[in-house]
Structure formats: C-alpha cells, structure tokens
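User: Hey, can you walk me through this one? I'm new to reading structures, so plain words please.

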Amino acid sequence: MPTPAVPNTMAAVHLTGHGGPDKLEYRTDVPVPSPRPGEVLIAVSAAGINNTDINTRLGWYSSSVTGSTAASASPSTSGGRDGDGSWSGKALTFPRIQGADVCGRIVAVGAGVSPSRVGQRVLVRTMMRHYVRDQPWGCWTFGSECDGGFAQFCVAPDDETFAVECDWSDSELAAIPCAYSTAENMLHRAHVRNGERVLVTGASGGVGLAAVQLAKRRGCEVLALCSPAKAEAVKRAGASRVLDRNEPLQGVEVDVAVDIVGGDGVQSLLSCLTRGGRYVVAGAIAGPMAQIDLRTVYLRDLSLFGATFQDDVVFENLVGYIERNEIRPLVSRTFPLQAIRQAQEIFQSKSLPGKLVLIPPAL
C-alpha cells in the first residue's frame, strides 16, 4: 500500500473541556503533528470508543463524583472537575484529541527512528511508559495525557507502537488496544491460571468480552454476567455459563472475579470467591463507591487487585495472540469520525455488544 502524502492540516475531534457531547468539536483545520525524536507519525485508519474516553470527557474520575458513568452524563458535569477530572487525578490540557485506540500506518518518523518503519500497519499501546519510565507505576493514557486517535493523524513513541501482521480489518485491530490490554492486564495481575473458574462482570462490553475470550484462551471455565439480550454473543466469546446481571448470584463459586462494573455488586462478587480467591477491578461504570464486609476479605484470605498500570509483557502478549489468531474482537458498528457524538451516545446506551469504532475521513 502506498504511503499517503502528509498534508498540513487534518480532521480531528477536539475535546474543549469536561462536560457533555457539546464539548466534542469536529474540525478540519487542525495542524498535523510532527514526530519528535523517538516518535512516529501515524495515519489513523480506525479508532475504537472506550469507557475511558467518556469518563474523561465527563470528568468522572474526579474525587467529587460518586455516581455511575450514566448518572454523571448531564449538562452540568464540568462543574468542579477541571482540577482532577482525568484518570490520573491531574488536570487535562484543552483542547485535547482523545482516542485511546489507534490502528493505522506509519507515514513518517522522527530522529532516531528507523525509516524502515514507514508503511507498517501498527497498534499503539494505550497505557504508555515511554514518557514516565523513571516513575514506578507511572504511565500515560493515549488520548488523555497526550493527544490520541480521534483524528486523521497522531504521533506516538516508537517503542509504544507495534507492527502487527494479520488479515484482520483495521476496525477489528482498533478494537484491541484499550479493551483487550485492560482485560489481559486484569488476568495477568490476578495470576489467572489454566483450569480456574473465572467470573466476568459487564461481559458483553468491550473489556468484558475481551476478558471472556482471554480467560477462555488461558484454559479457564468462564462464567459471565450480562443482560439476557446479549447472552448469545457472550457465549460465542467463550463463556460456558451466562448469568443474568439483574438476578442475585446464588450457588456460584469461582476462583477469580474480574470486575469492570463496581457499585453495589462488589460484596456479592467477594462472597462468590473460594477461600484464597482473587478479586480484580479495572472499572466502575455502575459507580465507584462500594460497601463491603471486610470479614469476607480477611476470614477467607481473599486478595484484591486494582489494575491500571501494565507490565510491558501485557501488550506484547496481545500482539502475539492476534498474529496467531488466538483471539478475535466483536465490532458491532462503525461510524465516521464526524459522527462521534452519535457514536458515543449509542455506546453509552449499552445497546450493542462488543466494540464501536470511528473511521476518519480517507486521505
């Protein structure tokens, strides 16, 4: 495939502040970024939508927010959240180009990067260590601490940009970086092993379906919580048993609970764990506040894991899974980049399983 010419300006979506969809501004006059030493310039082919994009726009990560993502989606969401509304607890710089998921082709490189990289189809690691390797547990989220993929072009560190050889579509590849690295990191952090029973919450969403697939790939028996309408999609992803998310958990015993929902359901998940079981969390779309009985934790020797920072091996493993055809994402729908407001509205409705993906204008 020939390398496209790089124009001076591009189409991109600017996040202009914390708040509702009106804070997303589609523009066609945004300067194309230039790669600095150690960086590459990527022509974006597809960019997935994730909860972190919505949460950052809403300022949901602020300590002042105690409700669910859905409850926070109101016109007044920006009030009092500018100082700590990002996932890192630090103020964002606006305008910001969001987009944690990027699939594209390298079209130019900065100083110190091999020109042979030009033309490679690549994925960008969402949780990047490049800029903060001197900080233990430090990382940047692509599209939060720096501009991301909701644009025709983006820059990324060379060592965070992975060439991928496969027959997948660009949209399928764009479904991988954030959701699958989050799910793989949860399994990695909780030391999930072959033969264990794993319960996944929010199992029909991007991260949930990824966790089902990846746990199944590890040889686990997977139980999944989701709405009945999406049960078939979750079964196809590898769940051996699908439970109605609206029904009480009764008679369920698992080694590991993989939770991206949070809220009022946390205690019931802890109660499902075997002695010595593990609970791992990387999201709280139902709300960040959970009341738990600490006796459940210490009397049953449970381990609780938060999972944001990712060891380098997590994303490297994902690239290997892709190239060996060991996983495959579900992309339910794609949208043109200029329809980002509609796409995020449908994403927040949770009416479709798997991933939704944005497609920038052709170059």
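Analyst: Sure, one term to begin with: buried means under 20% relative accessible area, exposed means over 50%, and partly exposed is in between, using a 1.4 Å probe and protein chains only. This is a predicted model, where local features need pLDDT of at least 70, side-chain atom pairs count only at pLDDT 80 or more, and totals for chains, interfaces and linings use all residues. Residues are numbered from 1 along each chain as its sequence is written, and side-chain values use heavy atoms, with hydrogens and water left out.

User: Okay, is Cys-103 buried or exposed?

Analyst: Cys-103 is buried, because its relative accessibility is 0%. Cys-166 is partly exposed, at 23%.

User: How many disulfides are there?

Analyst: Zero in the whole structure. A disulfide here is a pair of cysteine sulfur atoms within 2.5 Å.

User: And why is there no bond for Cys-103?

Analyst: Its closest cysteine sulfur is in Cys-166, and that is 8.0 Å away, so it's too far for a bond.

User: New topic. How many helices and strands does the chain have?

Analyst: Ten helices and 17 strands. Both are DSSP runs numbered from the N terminus: helices are H or I with at least four residues, strands are E with at least two.

User: What's the strand order in the open sheet of six?

Analyst: The order is S12-S11-S10-S13-S14-S15, and the pairing is parallel. Strand S12 (241–244) and strand S15 (303–306) are the edges, each pairing on one side only. Neighbouring strands in this sheet are turned by 20° against each other on average, ignoring direction. Two strands count as paired if DSSP finds at least two bridges between them.

User: How many bridges join S10 to S11?

Analyst: Four, between S10 (residues 197–200) and S11 (residues 221–226), which run parallel. Val-200 stands opposite Ala-224 in S11.

User: Which strands does helix H4 touch?

Analyst: H4 (residues 177–189) packs on the sheet and touches S13 (254–259), S14 (273–281) and S15. The direction of H4 makes about 145° with that of S13. Axes are lines fitted to C-alpha atoms, for helices over the stretch in contact, and angles run from 0 to 180 degrees between N-to-C directions. Contact means heavy atoms within 4.5 Å.

User: Now Pro-33. Where is it?

Analyst: Pro-33 lies in the loop between strand S2 (24–31) and strand S3 (39–48). With a relative accessible area of 25%, Pro-33 is partly exposed.

User: What does Pro-33 touch, leaving out residues up to four places away in sequence?

Analyst: Met-10, Leu-41, Phe-153, Cys-154 and Val-155. Val-155 is 122 residues from Pro-33 along the chain, yet their C-alpha atoms are separated by 6.7 Å.

User: Any backbone oddities to look at?

Analyst: As background, most residues other than glycine have a negative phi, and most peptide bonds are trans. The peptide bond from Phe-94 to Pro-95 is cis, with omega near 0°. Pro-95 sits in the loop between helix H2 (69–72) and strand S4 (103–109). Then Trp-137, not a glycine, has a positive phi of about 65°.

User: Is Trp-137 buried or exposed?

Analyst: Exposed, because its relative accessibility is 61%. Trp-137 is in the loop between strand S6 (127–128) and strand S7 (140–141).

User: Last one: what share of the whole chain is buried?

Analyst: Buried residues make up 54% of the 363 residues. The C-alpha atoms fill a box of roughly 60 × 45 × 40 Å along the principal axes.
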